[in-house]
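Reader: Hello! I have a model open and would like to go through the reasoning behind its labels. Could you take me through them one by one?

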Amino acid sequence: MALFARLRLQFLHLRHHINFSTSPLSSKSKTRAALSLLKSETNPEKILEICRSACLTPYAHIDRITFSVAIDKLAKSNNFSYIDDFLTDLRTSRPDLRTVRFAAHSIILYGQAGMIDQAIRLFKEYHEKNQNDVVLTSGSVKLLNALLFSCILAKKYDEVNRVFVDFSKRYKIEPNLETFNTVIQSFCESGSSSSCYSVLNEMDMKGVKPNETTFGHLFAGFYREEKYEDVGTVSKMIEEDYGISAGIGVYNIRIHSLCKLKRAREANVLLEGCLSKGITPNGLTYSHLILGFCMEGDLEEAKRLFKSMENRGCQPAYSCYATLVYFLGKGGDFESAYRVCKESMGKKMVPNFSTMKILVQGLASSGEVDKAKELIGEVKERFSKNIELWNEVEAGLP
């Protein structure tokens, strides 16, 4: 009872500070309050009580985030029995959660916690006799896809192929596009990308056409393994064999993969290819490239891309600003870092403390003490969290 009273006080306290009305909290407001409470809670019993009080469901995005945060905290503290008891209790005690959808979500949460045995147990239980006491006449592809993805989350890649082959036959489940894409994702993440060719053959035999997600996984896998001949094969296959015009999502995966391999110039050629085909790059495209060139020490090319990005009307994201400010500061180009930082702060996107500290101290060391103090003043005005740290930095300026 004491815990419920504490939760209610916390909910009311949060409602007061974020200007909720005096009417009862909506389900979304309860979830936001629960998410706030979970951030600092470590007691496993209280974590579960917070979740129960919010009446979470798998249907709202913020609820799924809250489930994930709670399961992650319990798993990291090795409270696996609490996870199993909690998910089992929800499925049995709440009629609204006796559904295939929540069973699928539970399977994924088990995978997130590395509890694959429990995920498989739930899959089997649901097919033999589900929570509504109805035996399924045919297998659920939704549950199969959830179980495959659960194995990936737990990095049990060997289980993916076993589950795919054995369970689809045993429970008479016809794989769909999502099923095949998940199997391909598993092979690509586990360093066995070449095995995906046989999956593509099976898809062809079953009349399941691959999509951009399929080829995105293939590109990521072959680049990761540095199998550039296979990259070329997939590039031809996507258009010639399947008639798919790769969009910016596929190009972003290719560009990101090349940048991680420190081949930013090749990635930039792909950007030029996009533009020549009339494919519009987005913020993620430029963020990958800018980080790639920064990692390779080519700050001038990173700045050129940043300018080109803005000239094309593409708005930089926080990560793009933070990357440039950090690397320009580390590279001693404090004036450019200052300009980028001011633009970022003007859009209410402030780089983290360590990045700002590099810039502030760099400006001061190059004789721009007034600019350094100006930035400190702006940060202190907006955020109270690190005021004492900033006071120390300011006291150490010339």
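Author: Gladly, and please keep in mind that this is a predicted model. A good place to begin is Arg121, which has a relative accessibility of 29% and counts as partly exposed.

Reader: What makes Arg121 partly exposed?

Author: Its 29% relative accessibility falls between the limits of 20% for buried and 50% for exposed, so Arg121 belongs to the class in between.

Reader: Is its partner Asp84 buried or exposed, and how do you know?

Author: Asp84 has a relative accessible area of 15%. Buried means under 20%, so Asp84 is buried.

Reader: Why is the pair of Arg121 and Asp84 called a salt bridge?

Author: The N to O distance between the two side chains is 2.8 Å, and the cut-off is 4 Å, so the pair qualifies. Arg121 sits in helix H7 (residues 116-128) and Asp84 in helix H5 (residues 80-93), so the bridge ties together parts that are 37 residues apart in sequence.

Reader: What about Lys76 and Asp72: how do you know that they form a salt bridge?

Author: Their closest N and O atoms are 3.2 Å apart, again within 4 Å, so this is a salt bridge too. Both residues lie in helix H4 (residues 61-76), and because they are 4 residues apart there, about one helical turn separates them.

Reader: Which exposure classes do Lys76 and Asp72 get?

Author: Lys76 has 65% relative accessibility, and exposed means over 50%, so Lys76 is exposed. Asp72, at 28%, counts as partly exposed.

Reader: Where does the salt bridge between Lys303 and Asp333 fit in?

Author: The side chains of Lys303 and Asp333 meet at 2.8 Å, N to O. This pair links distant parts of the chain, 30 residues apart: Lys303 is in helix H17 (residues 299-311), and Asp333 is in the loop between helix H18 (318-330) and helix H19 (334-346). Lys303 is partly exposed, with 23% relative accessibility.

Reader: How many salt bridges are there in the whole structure?

Author: The search finds 21. Glu49, Arg52 and Asp89 are linked in a network of them.

Reader: Now to the helices. Why are H12 and H14 called roughly parallel?

Author: Helix H12 (residues 212-224) and helix H14 (residues 248-260) pack at an angle of about 10°, their axes 9 Å apart. Angles under 35 degrees count as roughly parallel, so the label applies to H12 and H14.

Reader: Which residues make that contact?

Author: On the H12 side they are Glu212, Gly216, Phe219, Ala220 and Tyr223, and on the H14 side Val250, Ile253, Arg254, Ser257 and Leu258. By class, the contact has 6 nonpolar, 2 polar and 2 charged residues.

Reader: What makes up the largest nonpolar core?

Author: This core has 120 residues, and Ile83, Phe123, Phe215, Leu218, Ile290 and Leu375 have the most contacts inside it. Its largest share, 7 residues, comes from helix H8 (residues 141-153). Beyond its neighbours within four places in sequence, Leu218 touches Ile184, Cys188, Cys196, Leu200 and Val234.

Reader: And what does the protein look like overall, in terms of secondary structure and burial?

Author: The secondary structure comprises 22 helices and 0 strands. Of the 398 residues, 47% count as buried. Among contacts with a separation of 6 or more, 63% come from residues 24 or more positions apart.

Terms used: Residues numbered from 1 in each chain as written. Predicted model: local features only at pLDDT ≥ 70, side-chain atom pairs only at ≥ 80, totals over all residues. Heavy atoms only, no water. Core = buried A, V, L, I, M, F, W, Y, C linked by side-chain atoms within 4.5 Å. Buried < 20%, exposed > 50% of the residue type's maximum accessible area, 1.4 Å probe, protein only. Helix = DSSP H or I, 4+ residues; strand = E, 2+ residues; numbered from the N terminus. Contact = heavy atoms within 4.5 Å. Axes fitted to C-alpha atoms, helices over the stretch in contact; angles between N-to-C directions. Parallel < 35°, antiparallel > 145°, perpendicular 65-115°, else oblique. Nonpolar A, V, L, I, M, F, W, Y, C, P; charged D, E, K, R; others polar.
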